[in-house]
Structures are given as C-alpha cells and as structure tokens.
Amino acid sequence: METIKLLVNLGENSYPIYIENGILKNAGEYISGFFRGRRIMIVSDDNVFPLYGETLIRSLSGYECHTLVLPHGEPTKNFQSLPKIYEAMLDAKISRSDLVIALGGGVIGDLAGFAASSYLRGVKLVQIPTSLLAQVDSSVGGKVAVDLPQGKNLVGAFFQPKMVLIDPEVLNTLPRHFINDGMGEVIKYGCIKDRALFHTLKSHSSFEDLKEILPSIISRCVDIKRIVVEEDQFDTGERMLLNFGHTLAHTIEQYYHYERESHGEAVAIGMYQITRMAEDCGLTRQGCADEIRELLTTYGLPYECGLPVSVLTDAIRLDKKNLNNSLNIVLLHEIGDSYVHPATIEFFDSSMMI
C-alpha cells in the first residue's frame with residue numbers, strides 16, 4: 001500500500017502523520033527529514049521494546065541512540081516515573097537540539113511526551129504508537145500527561161510532536177484485550193462525527209474482518225481528530241466532543257484502580273450508558289443507545305459494569321472538566337452528530353445501575 005500522509009495544520013506547531021504497513025523499519029528516513037541533531041532518547045515499555053526496539057534502532061543507524069524501558073501498564077503513568085526519565089535524559093546528555101521518541105501505547109506516549117515537554121522547557125518529540133488506542137487517538141493532538149492518585153491526567157501539557165509514525169502491522173502482536181480497547185475509541189469516532197464509519201464497522205463481523213481496510217480505518221479516525229484539533233488546539237470547545245463517553249469512563253477506571261476495565265472498555269460503557277441517560281431525558285434520538293450496544297457487542301466490548309451511579313459521582317465531582325458543579329457532557333443528536341450539553345452532577349441519576 002502507499003503511504004497515507006495527513007498534516008495537522010497548527011501554524012508553527014504543524015506536523016505530519018504517516019500511516020503505512022511496515023513503516024517502522026523506515027522510521028529513520030522520515031526522522032532524518034526534519035531532525036538534524038545527534039542524540040535520540042527512545043522511551044518504551046517492557047512489552048513493546050523487546051518486539052520493536054531493535055527494528056527502530058536499526059533504522060536510526062546514523063544517530064546516537066539511548067533507551068529507557070519502563071514497566072508496562074497505567075500504574076507507570078504516574079508522577080514518580082518522571083524523575084527516572086529526566087535522569088536517563090541527563091545521563092544521555094540530551095539537549096534541546098536532540099529528540100525523544102515515544103515507542104509504545106498511550107501510557108508511554110503520554111509519559112514520554114510530558115517528560116519531553118518539561119525537560120529543558122521542551123525537547124523535540126516523535127510519537128510511534130504501537131497500540132490501536134494510541135494510533136487512532138492519544139498519539140495525535142498534543143495532549144500529554146501523568147496521573148495523580150486522585151485522578152487521571154491531572155498534571156499535563158499541550159505539546160505537539162514533530163511527527164507521528166503509525167504502522168498498523170505492529171498491531172499483529174497486540175493481545176486481543178488491547179485490540180478491543182482501541183476499538184472503543186474507533187467506535188467513538190463513528191458516534192461523534194462519522195455515521196459512514198459507524199456503518200462500515202457495522203458491516204464487518206470482527207476486528208480480523210476489518211484487517212484488510214485497517215489503514216484506512218485508522219486514517220479516518222486520525223483525520224477526524226486532526227480536524228477537531230486544528231479547530232480547537234487547547235480543548236476549550238469543539239475538541240470536547242472527543243470526550244464522548246469519557247466522563248463516566250474515567251470514573252469507572254479510577255473506581256477499579258485501573259485494574260478491571262481498560263480505557264477503551266470504560267469508554268464503551270460510558271458511551272452506551274450516557275446515551276441511554278440522554279434518551280431518557282429526550283436529548284438523543286431514541287434507538288441510538290441500542291445501535292451503540294449492538295456494535296460494542298460485535299467487537300467484544302462491554303456496555304455495563306454493574307455499579308450504581310451514586311458510587312461514581314464523587315469521582316465525577318473531582319473530574320477536571322467539572323467546574324463549580326457545572327459539567328459539559330458530550331451527547332449525540334444521533335449517530336455521527338454530537339454536541340456539548342451543559343449539565344450538573346444531577347444529570348447522573350444516582351439510583352441508576354450502569
């Protein structure tokens with residue numbers, strides 16, 4: 001297949017996104033197109049690096065490469081991980097003219113991205129996402145962050161990468177659990193902006209069945225995110241639509257200490273449940289929740305978690321999007337057409353099971 005190229009047009013912060021099967025082995029060619037420095041710090045995790053670290057380093061043969069391999073999983077994305085990254089960068093003598101590459105899923109992308117944004121007030125960053133979730137969502141848009149014990153992504157920055165390289169072939173080694181995880185976000189894009197994408201997903205029976213058109217599916221998701229980010233780089237208006245399902249999702253993840261539902265699974269539950277609530281209030285066309293539930297089931301995603309809403313409302317009160325009990329929640333007029341609805345915590349019926 002030919003390389004798909006998208007450009008995130010943000011003036012001096014603009015950057016290209018390249019999508020192609022097998023692009024990882026040619027990463028050095030793409031990076032040399034903009035990077036004139038000498039040293040590169042590759043940050044990865046102990047799942048991804050043994051699989052793809054050598055391929056990446058081989059492609060970067062003209063550079064002095066240093067690596068930091070962290071434990072995989074959401075618990076790594078905490079404030080305590082930052083000193084390890086800074087120390088590794090100092091030991092490698094990384095300067096502002098050098099480069100950080102995040103090779104991994106959303107945790108590594110967020111963590112390495114935040115470290116790059118804050119080390120020496122900013123070092124160039126390349127995102128090479130290796131999970132479906134990161135490829136369609138978190139690697140694009142410049143949001144980087146770490147978690148605090150009180151909640152997800154409470155310390156972060158907007159820091160655009162210089163380039164994003166997406167190789168759909170790396171998903172062949174991704175465990176099924178993480179494929180499902182990413183499909184939660186893929187379905188989200190269909191829900192908020194693209195009924196045709198939603199129907200394409202409906203017309204296939206599984207992720208395996210989607211494989212042949214996967215680069216174009218990823219490209220469509222990334223393109224939707226690109227358009228939204230260009231309109232709202234700092235998350236004050238249109239970009240809020242990307243949070244569809246996330247208000248409940250973050251609280252579900254936190255309630256189970258990130259040990260039960262993955263992010264995409266929690267988003268799946270959040271999308272269905274908030275649409276069900278919105279239908280009950282007459283804010284969404286009847287039947288949308290059922291359509292979402294059917295598609296989630298097709299791709300092996302949950303739509304309920306067996307909790308009363310009341311146990312989640314305390315966490316919702318702490319959510320960074322909740323200001324003075326005013327909460328902007330993302331709802332659907334119908335599939336493919338989303339909007340931001342100002343609400344209060346009372347929107348969430350505390351007697352309801354989700």
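## Two exposed loop residues

Lys-93 comes out as exposed, with a relative accessible area of 58% (exposed means over 50%, buried means under 20%, and partly exposed is what falls in between, using a 1.4 Å probe and protein chains only). What you have here is a predicted model, where local features need pLDDT of at least 70 and side-chain atom pairs count only at pLDDT 80 or more, while totals for chains, interfaces and linings use all residues. Residues are numbered from 1 along each chain as its sequence is written, and side-chain values use heavy atoms, with hydrogens and water left out.

Back to Lys-93: this residue sits in the loop between helix 3 and strand 5 (99-104). Helices (H or I, at least four residues) and strands (E, at least two) are DSSP runs, numbered from the N terminus. The backbone of Lys-93 is worth a look, with phi near 60°, a positive value in a residue other than glycine. Arg-121 tells a similar story: its phi is also near 60°, again positive and again not in a glycine. You'll find Arg-121 in the loop between helix 4 and strand 6, and at 76% relative accessibility it counts as exposed. For background, most residues other than glycine have a negative phi.

## Helix 3 against helix 4

What angle do the axes of helix 3 and helix 4 cross at? Roughly 60°, with the axes of helix 3 (residues 82-91) and helix 4 (residues 106-118) coming within 10 Å. Axes here are lines fitted to C-alpha atoms, for helices over the stretch in contact, and angles run from 0 to 180 degrees between N-to-C directions. That angle makes helix 3 oblique to helix 4 (under 35 degrees is roughly parallel, over 145 roughly antiparallel, 65 to 115 roughly perpendicular, and the rest oblique). The crossing is right-handed, a label used when the near helix is turned clockwise from the far one by less than a right angle, with anticlockwise giving left-handed.

On the helix 3 side, the contact uses Leu-82, Ile-85, Tyr-86 and Met-89, and helix 4 brings Leu-111, Phe-114, Ala-115, Ala-116 and Ser-118 (contact means heavy atoms within 4.5 Å). Sorted by class, that gives 8 nonpolar residues, 1 polar and no charged ones. The classes put Ala, Val, Leu, Ile, Met, Phe, Trp, Tyr, Cys and Pro in nonpolar, Asp, Glu, Lys and Arg in charged, and the others, Gly among them, in polar.

## Helix 7 against helix 12

The second helix pair is helix 7 (residues 195-202) and helix 12 (residues 288-298), whose axes come within 10 Å and cross at roughly 45°. That makes helix 7 oblique to helix 12, and the crossing is left-handed. Arg-195, Phe-198, Leu-201 and Lys-202 of helix 7 meet Glu-291, Ile-292 and Leu-295 of helix 12. The contact residues split into 4 nonpolar, no polar and 3 charged.

Just past helix 7, Ser-203 is in the loop leading to helix 8 (207-210). Ser-203 is exposed, at a relative accessible area of 54%. Its C-alpha is 9.8 Å from that of Leu-295, which is 92 residues away in sequence.

## The nonpolar cores

How many residues does the largest nonpolar core have? It has 96, and those with the most contacts inside it are Ile-17, Ile-101, Met-183, Ile-187, Leu-201 and Phe-348. A nonpolar core is a set of buried Ala, Val, Leu, Ile, Met, Phe, Trp, Tyr and Cys residues joined through side-chain atoms within 4.5 Å. Helix 11 (residues 263-280) supplies the largest share of this core, 9 residues. A second, separate core of 24 residues includes Val-43, Ala-92, Leu-111 and Val-144.

Leu-201 touches Met-183, Val-186, Ile-187, Leu-210, Ile-217, Leu-295 and Tyr-299, leaving aside residues up to four places away in sequence.

## Buried residues up close

Ile-128 belongs to strand 6 (residues 124-129) and is buried, at 4% relative accessible area. With residues up to four places away left out, Ile-128 touches Leu-24, Ala-27, Leu-56, Ile-101, Ala-102, Leu-103, Gly-104 and Leu-165.

Is Lys-188, in helix 6 (residues 176-193), buried or exposed? At 1% relative accessibility, Lys-188 counts as buried. Its contacts, on the same sequence cut-off of up to four places, are Asp-137, Leu-242, Phe-244, His-246 and Met-271. Val-309, in the loop between helix 12 and helix 13 (313-318), counts as buried at 0%. Val-309 and Met-352 are 43 residues apart in sequence, with their C-alpha atoms 5.7 Å apart.
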